[in-house]
Amino acid sequence: MTDLAPPTVAHELRRLLASSHAPYSGVHVAAAVEAADGSVHYGVNVENAAYPQGVCAEASAISAAVTAGHNSLRRVWVASDLPGLIWPCGGCRQKIWEFAEPGCEVISVPAEGAAESHTIEALLPLGFRLPR
Ligand code: THU
């Protein structure tokens, strides 16, 4: 456990791995996002027999935040039952980018050892954004 992952968030991510629906890959993932007001919203991966319909944990967490009225994210955490660190897939990097404050941290929280952080800009250089 490190400063990068508050104990409450790290604990909740571990606990939520049991809620992940991953009968096809067997990989259980949980994610959390912190909104600009400090509120934290959680999600898990939800797979489907029609494989492409599966949803990543990050997408679930973003949906929970947006549903609760938050569309500006300053931190994202991801944890899984795989050994070591995992990082969001390409599609989820774009989904995070859509709502990320500049410098939004994406933090991988392993079961054991130190968490690691990278900004969304480092994980997704030149992400796509429509002109407004
Ligand atoms: N998965 C996530 O939920 N988040 C990630 O960052 C990487 C992968 C899920 C998708 C699928 O349900 C399972 O992990 C294996 O790819």
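1. A quick definition before we start: two strands count as paired when DSSP finds at least two bridges between them. Keep in mind too that this is a predicted model.

2. With that in hand, look at strand β1 (residues 29–35) and strand β2 (residues 40–44): they run antiparallel and are joined by five bridges. One spot to click on is Glu34, whose bridge partner in β2 is Val40. Four residues sit between the two strands of this hairpin, and Gly38 there has a positive phi near 90°.

3. β1 also has a partner in strand β3 (residues 73–80), again antiparallel, with seven bridges between β1 and β3. Here Ala31 is the residue to find: Val78 of β3 stands opposite Ala31.

4. Is β1 enclosed or open? Seven of its seven residues are buried, so the rest of the structure largely encloses β1. That goes for both faces: Val29, Ala31, Val33 and Ala35 are buried on one side, and Ala30, Ala32 and Glu34 are buried on the other.

5. Now for the annotated residue. UniProt, in an unreviewed entry, lists Glu58 under "active site", so treat that label with some care, because such annotations may be inferred rather than shown by experiment. In the model, Glu58 is part of helix α2 (residues 57–67).

6. How accessible is Glu58? Its relative accessible area is 5%, so Glu58 counts as buried, the cut-off being under 20%. Leaving aside residues up to four places away in sequence, Glu58 touches Ala31, Val78, Pro88 and Cys92. Two of those names should look familiar: Ala31 and Val78 are the residues that stand opposite each other in β1 and β3.

Conventions
Residues numbered from 1 in each chain as written. Predicted model: local features only at pLDDT ≥ 70, side-chain atom pairs only at ≥ 80, totals over all residues. Heavy atoms only, no water. Buried < 20%, exposed > 50% of the residue type's maximum accessible area, 1.4 Å probe, protein only. Contact = heavy atoms within 4.5 Å.
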